[in-house]
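Hi,

Here is the structure I promised to send over. Have a look at it first, and then read on for my notes.

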Amino acid sequence: MKLHLNLSRNILRNYEILARNGQRSISSAGNIGVWGRHAEYDRKNKSSSLLAVNTSQLQCMERLKHKGKGRGDDISHLFIPVPIKAREDEINVGEEMAGPLRKDDILRVLNRFYSNEDIKDLARENGLDNYLYQQTFISFRKFCVESGSLPVDLHIIISDVLQGAGHIHDIYPSFMKHAQKIFPHLNCIDDLCKISDLSCPPNWYPEARALNRKIVFHAGPTNSGKTYHAMQQFLSAESGVYCGPLKLLATEVFHSSNKKGTPCDLVTGEERRFGNAEGSSANHVACTVEMTSVSTMYDVAVIDEIQMIKDPQRGWAWTRAFLGLCGRELHVCGEASAIPLVQELALLTGEEVEVRRYKRLTDLSIENSALQTLDNVHPGDCIVCFSKRDIHHVSREIERRGHEVAVIYGGLPPGTKLAQAYKFNDPKHPCKILVATDAIGMGINLSIRRVIFYSLIKPNINEKGEKEMETLSVSSALQIAGRAGRYGTQWEHGYVTTMKSEDLSTLRRLLSCTPDDIEQAGLHPTADQIELFAFHLPSYTLSNLIDIFVSLCTVDSSLYFMCIMDDFKFLADLIQHIPLQLRSRYVFCCAPINRKMPFVCAMFLKFARQFSQSEPATLDWLCHQVKWPFSIPNTILDLVHLEEVFDVFDLYLWLSYRFQDMFPDGEMVRDLQTELDGMIEAGVAQITRLLKNSDTRTSNTAADNEENFIMDQRKRHNYRDQNLDIPRGSQVLKSGRPGRPEKGAVGRGRLTERLLAQGLLSPKMLAELQREWQQNNYDDEDPPTKPKSPRKRRR
């Protein structure tokens with residue numbers, strides 16, 4: 001009893017202090033109200049009477065509202081309410097002071113509070129839009145009803161309201177305190193807006209800003225010598241760095257520099273190699289653009305393919321390199337379309353840009369007719385396809401005609417690509433035809449006489465991160481077509497044409513245009529920024545933090561855009577259930593893996609789980625997981641699986657350079673990868689045999705899997721590769737004969753072509769849909785005159 005009285009006295013003393021500060025008035029009966037009994041709500045004084053946010057917070061909230069306009073879902077939906085546990089205090093002081101409360105009475109008061117328009121307006125001014133207000137009320141109501149004892153002030157306020165001694169507005173301070181607990185961003189929205197302020201990227205690199213860099217833009221088309229002239233400056237300098245878009249290009253610079261007597265190191269995400277024989281660092285470095293150091297001083301820095309600064313996924317790396325490289329001379333190479341943007345960025349850094357323009361060194365002609373049939377291929381031809389299905393089909397058809405074929409596509413290991421290119425370039429080798437994807441657009445030197453576009457439709461990722469089938473861009477068409485007629489080879493006059501006659505006019509139009517000027521450079525949140533977000537929002541997932549950062553960030557849209565982070569968020573969601581520190585989780589999610597490869601995703605999960613358990617991923621463990629050793633593939637499925645295993649080894653090497661203790665056997669894994677590269681090369685060399693074996697469905701390798709959804713992905717991707725020989729544009733008619741489609745027949749319109757190209761619809765599925773559609777039309781046109789009798793069940 002004495003304890004209860006002491007608690008009551010302390011609580012009353014606290015309320016007296018609040019009353020003296022003008023926050024509460026206490027009646028002689030002990031009933032507490034904000035404005036006294038039945039006081040009218042004074043809107044003029046509400047900002048001083050109730051909880052309010054400061055001016056900067058209001059500005060950030062206005063920014064949230066502005067960004068939410070025009071979107072299908074409001075930004076507020078990104079903020080997930082934090083669960084609040086109900087109170088279970090043994091001593092209910094509020095009940096002792098104001099009497100017990102019934103749950104139905106509490107609900108009645110809270111429902112009146114929720115529906116009050118003045119409360120809604122005030123909540124909206126303090127950062128609670130309709131969604132946040134509703135979610136806060138649901139949580140607040142649950143807390144009040146399920147708690148064994150309410151906070152003393154809230155208990156007394158509700159009791160006053162029920163007794164007519166208080167107003168429902170008095171509940172608002174407790175309601176807002178609850179809102180700030182379940183939505184912590186309400187307390188730190190100002191800090192979050194400052195952390196995500198990306199309005200002035202040049203200021204992120206003070207070391208580069210301290211230099212008065214000389215910037216030279218080498219602009220020109222493919223085969224114009226622009227990169228050659230920049231590399232001459234690189235080789236003659238005392239120190240230098242080359243930043244390329246691909247490992248192949250960085251490796252080529254590494255080998256050529258060392259061959260010419262300029263010691264050069266190689267730095268990629270998966271590999272570190274020294275140019276000096278004793279293993280010490282050289283003054284020159286060839287690296288992929290993501291691995292560029294912005295803290296090392298160089299005499300000359302070269303950034304290749306600067307037009308990729310607009311890439312929706314990787315553009316941030318070129319922005320970082322251009323703004324942050326510490327080079328006394330900065331040479332950028334690429335399309336002329338990037339000149340205006342580079343000049344704008346240089347204007348912000350206080351630097352000038354010298355533009356050197358180059359013309360193509362060899363002639364390039366568009367042929368007057370399309371190829372039409374693969375019977376018309378000649379030595380030096382390169383057929384460019386944009387899907388593996390077309391790669392396999394074209395390779396098979398050409399080899400049926402007695403020609404040996406080299407094959408290059410993006411999923412092949414670098415060693416296999418170079419081996420195929422060497423075979424095709426060698427004048428003494430019988431292989432004279434190349435079938436490739438747009439992977440030949442950069443990174444590989446090829447001796448091509450004629451480029452033949454098998455199609456001009458290519459899958460593309462739009463600004464929303466969605467995959468679409470679109471006509472080839474002007475920039476890509478010029479890049480790929482320009483590979484024909486390389487200077488200094490046997491084919492110095494290049495030709496270009498299409499497979500289909502109807503595509504030839506489109507190709508002419510594309511090649512007659514110049515690419516649109518690039519207007520924006522990509523940006524990307526750093527690990528430090530995400531860590532600061534996590535400090536303020538500790539209960540949020542990494543994927544959710546990324547969404548909030550992207551939604552809150554301030555970007556100068558006249559010069560920059562936020563890169564698409566779908567791959568990052570996919571990996572973050574994939575390993576969310578695995579306990580990892582935030583920094584380690586961030587690094588894992590930056591891993592460059594193809595999320596369309598189920599086996600690679602499964603191994604990514606296993607790597608993360610092994611890391612979280614502090615168990616090193618040794619060579620023996622890795623070999624057991626991937627079922628090493630392998631043999632030369634027998635089918636296309638075998639080849640695809642070996643390519644996935646190669647990517648798994650790449651992932652291991654990438655992780656080994658970031659967590660060396662946990663992935664300790666990098667060098668031995670690299671040896672295995674080299675051996676695997678040889679197997680893949682042998683498989684690609686006999687791709688026609690693999691296709692024939694695939695028809696008979698003989699396979700000696702089954703891809704491992706770990707998660708059910710990954711199995712579903714594999715089934716979906718395998719299904720799209722079935723029935724490849726159904727002619728494009730075919731139609732199934734009711735009569736079963738070719739000709740004009742009858743009423744009700746399903747044609748091959750633009751939507752159908754897109755679904756087929758994306759793999760969402762296979763030719764077999766299309767045929768089944770056509771049959772069902774025809775049957776439905778038949779049933780609608782000729783309804784039966786008598787009802788059908790129910791079919792007897794067979795015993």
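N223 sits in the loop that runs between β4 and α12. Please keep in mind that this is a predicted model, so everything below is computed from predicted coordinates. What caught my eye about N223 is its backbone: phi is positive, about 65 degrees, even though N223 is not a glycine. Most residues other than glycine have a negative phi. As for its surroundings, N223 counts as buried because its relative accessible area is 12%, and the cut-off for buried is under 20%.

Q372 makes a good partner to look at next. Its phi is near 70 degrees, again a positive value in a residue other than glycine. You'll find Q372 in the loop between β12 (363-366) and β13 (381-384). Is Q372 buried or exposed? With 56% relative accessibility, Q372 is classed as exposed, because the cut-off for that is over 50%.

There's one more backbone item to check. The peptide bond joining W628 and P629 is cis, with omega at about 10 degrees. Most peptide bonds are trans. P629 belongs to the loop between α25 (619-626) and α26 (636-656).

Now for the sheet. Eight strands form an open sheet with mixed pairing, in the order β7-β6-β8-β5-β9-β10-β4-β11. At the edges are β7 (272-273) and β11 (353-357), each of which pairs on one side only. Inside that order, β9 (residues 297-303) and β10 (residues 326-334) run in the parallel sense and pair over six bridges. If you want a spot to zoom in on, M297 stands opposite C326 in β10.

Two helices pack on this sheet. Helix α12 (residues 226-236) touches β4 (214-219), β5 (240-244), β6 (264-267), β8 (284-288), β9 and β10, and its direction makes about 160 degrees with that of β10. Helix α15 (residues 339-349) touches β4 and β11, and its direction is at about 165 degrees to that of β11.

Further along the chain, have a look at α21 (residues 542-552). How many of its eleven residues are buried? Nine are, which leaves this helix mostly covered. The buried ones are L542, S543, N544, L545, I546, I548, F549, S551 and L552.

Then there's G148, in the loop between α7 (130-146) and α8 (152-163). G148 counts as partly exposed, at 44% relative accessibility. Which residues does G148 touch, leaving aside its neighbours within four places in sequence? Those contacts are R87, E88 and N92. G148 and A86 are 62 residues apart in sequence, but their C-alpha atoms are 7.4 Å apart in space.

Last, the cavity search. Over the whole structure, it turned up one cavity of 30 Å³ or more. The largest cavity holds about 40 Å³ of space. Its lining is made up of P379, G380, F424, C431, K432, S447, Q490 and W491. Sorted by class, that lining has four nonpolar, three polar and one charged residues.

That's what I have for now. Write back if you'd like to go through any of it together.

Cheers

Notes. Residues numbered from 1 in each chain as written. Predicted model: local features only at pLDDT ≥ 70, side-chain atom pairs only at ≥ 80, totals over all residues. Heavy atoms only, no water. 1 Å grid on protein atoms, 1.4 Å probe; cavity = no way out; pocket = protein on both sides within 12 Å on 5 of 7 lines; lining within 4 Å. Points joined across faces, edges and corners; volume = space filled by probe spheres on them. Nonpolar A, V, L, I, M, F, W, Y, C, P; charged D, E, K, R; others polar. Pairing = 2+ DSSP bridges. Helix = DSSP H or I, 4+ residues; strand = E, 2+ residues; numbered from the N terminus. Contact = heavy atoms within 4.5 Å. Axes fitted to C-alpha atoms, helices over the stretch in contact; angles between N-to-C directions. Buried < 20%, exposed > 50% of the residue type's maximum accessible area, 1.4 Å probe, protein only.
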